[in-house]
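Student: Please take a close look at a single part of this structure. Start with one helix contact and follow it outward to its surroundings.

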Amino acid sequence: MAPISRRKLFHSGVAAAVLMATGVAVEARPRGGTLRAGLSGAWSTDSWDSRTHAGAFMMAAAHGAVFDTLTEVAADGSLRGELATGWEASDGARQWVFNLRRNVRFHNGAPFTADDVIASILMHGGTLSGAAPIAESIARIDRLDDHQVRFVLHTGNADFPYLMSDYHLIIYPHADMQAAMERGIGTGLYRVERFTPGERMTAVRVNGHYKDGSAGYFDRLDFFGMNDAASQAEALSQGRIDVADLATVGADRIIQTVGNRHINFAMPADMAPFDDAHVRKALKYGIDRHELLDTLAGGHGTIAADTPIGPANPYFDASLLPVGFDPDRARWHLAQAGVPNLSVEISGGAAARLYANSADRAGITINPALGADWAARDWSGRVTEDWMFSAGYMTGAPWNHSRWADDRFDSLLLAARAELDTDLRREMYHEMQAILRDDGGAVIPMFADWRHGVSKRIGTPEVIGNLWHLDNARMAERWWMA
């Protein structure tokens, strides 16, 4: 994905901007056939309630097929409208007026209106939804007419249209939201035919859809819940599926994209011994990042500098050097902290075991333990710096698993959010990345490329989205039968 230019959102030197997004025409592609995919992250607790969505299975089924969001991040990283056709900012990017698409209907026949947008966005506030920080940044949403809404934010946010593409923020029919969450009633290209949580979803193409001619080339979808690479590889080799998000063995070809997916070893920085900056630095010097990249990702990725901002972000600081594996430096920091014989627990499977092996060479004992306060987590990253930092790193953020806090970091985050000057934003985001590397509560050793196995039956575009797996989880819209 090409770095995102905020100049596409704002006219240089002015506080207001207009971006029309009426869709992008593509070359003619054959329509027909069934897309069969084996997808991870499928659980018996799955539902069409997007506040719970996280894994590939529900992301591809909901955000990528059955439902729509207001905006969509295209494969090349540009932003375009989905249920919105345009947006305009004012008041230092604190107010945003969105024009909504007309003549759109939900799968139950209800017309799409501004009321659906208001109900669908605000339901995320005060919940454990991954989009809760976005909803809570909104002071109110005004209904201007059936097809226009105004978002009034607590503070200006130059990236707000990008946030409306979040896969949690799918739009439901406001008058029948409970039924929509139970049966999967959206405005997307595909209508649910069968849904067994954690196991299978089948859907059929909607005729007369507003995206006809530009997306949606399969007649049917058949998604299977497969939570490990081995089962996906077996299904690929036997010809039972055509796409696998984890497996490449048994595939006719491999789709690989460079993105921001990363492992986050979030230390609870409000608890001893992690509340000591020297301990945190010792643990950063005590991990062999290259070993993790080679073992966990087969070398397909890049070394990270303990920041979640990666090569797909526009303000990624490529000059920020990662902390190297240095057992002697780790021991020195432990001595400064007064804990020369550090012993801690961590949860996180293979990643945690590899960390323990390298830390042992630095005199640090890391005991893998299920349910430990210190844990390894797999993050997809986010398309904008503010989105990533607001979700997982600012003080009190719902996904700030390290519970780390820094006043300078928070002040820079708020300033950069509303700053319209590209150069000034870059300076602030670079400083924030340096703060995380030098003092932050997370060890982020690497970015792993997205790698998917695909059969020769499936055609794919030249450019594949790397925001999330499987072409930004939109393979059902963008791919076709070869």
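Tutor: Helix α7 (residues 277–285) packs against helix α13 (residues 422–439) at an angle of about 90°, and their axes are 8 Å apart. Helices here are DSSP runs of H or I with at least four residues, strands are runs of E with at least two, and both are numbered from the N terminus. The axes are lines fitted to C-alpha atoms, for helices over the stretch in contact, with angles from 0 to 180 degrees between N-to-C directions. The angle therefore makes α7 roughly perpendicular to α13 (65 to 115 degrees; under 35 is roughly parallel, over 145 roughly antiparallel, and the rest oblique).

This is a predicted model in which local features need pLDDT of at least 70 and side-chain atom pairs count only at pLDDT 80 or more, while totals for chains, interfaces and linings use all residues. Residues are numbered from 1 along each chain as its sequence is written, and side-chain values use heavy atoms, with hydrogens and water left out.

On the α7 side of the contact are A277, R280, K281 and K284, which meet L436, R437, D438 and D439 of α13 (contact means heavy atoms within 4.5 Å). By class, the contact of α7 with α13 has 6 charged residues, 2 nonpolar and no polar. Asp, Glu, Lys and Arg count as charged; Ala, Val, Leu, Ile, Met, Phe, Trp, Tyr, Cys and Pro as nonpolar; the others, Gly among them, as polar.

R280, in helix α7, is worth following further. R280 is buried, with a relative accessible area of 6% (buried is under 20%, exposed over 50%, partly exposed in between, with a 1.4 Å probe and protein chains only). Leaving aside residues up to four places away in sequence, R280 touches M267, A269, F274, D275, W404, D439, G440 and G441. The C-alpha atoms of R280 and L334 are 9.2 Å from each other, although the two residues are 54 apart along the chain.

One of the R280 contacts, M267, sits in the loop between β14 and α7. M267 counts as buried, at 0% relative accessibility. Outside its sequence neighbours up to four places away, M267 touches F274, R280, L283, K284, W374, S402, G440, G441, A442 and V443. M267 and D373 are 106 residues apart along the chain, and their C-alpha atoms are separated by 7.6 Å. The loop between β14 and α7 also holds P273, which is joined to A272 by a cis peptide bond with omega of about 0°.

Two of the M267 contacts, S402 and A442, lead on to a cavity. The largest cavity is lined by N264, A266, W379, G392, Y393, W399, N400, H401, S402 and A442, and its volume is about 40 Å³. On a 1 Å grid over the protein atoms alone, a cavity is a set of points where a 1.4 Å probe fits but cannot get out; a pocket is an open set with protein on both sides within 12 Å along at least five of seven lines; lining residues have an atom within 4 Å of a point. Grid points are joined across faces, edges and corners, and a volume is the space filled by probe spheres set on the points. The lining of the largest cavity has 5 nonpolar, 5 polar and no charged residues.

W379 of this cavity lining turns up again at the largest pocket. That pocket has a volume of about 1,600 Å³, and the closest to its centre among its 46 lining residues are R261, R377, D378, W379 and S380. Elements that give two or more residues to this lining include β14 (262–266), α8 (289–297), α10 (349–360) and β18 (375–379). Strand β18 supplies the largest share, 4 residues. The pocket lining divides into 20 nonpolar, 17 polar and 9 charged residues.

In all, the count is 2 cavities of 30 Å³ or more. The second largest, of about 30 Å³, is lined by H63, E72, V73, S165, L467, W468, N472 and R474.
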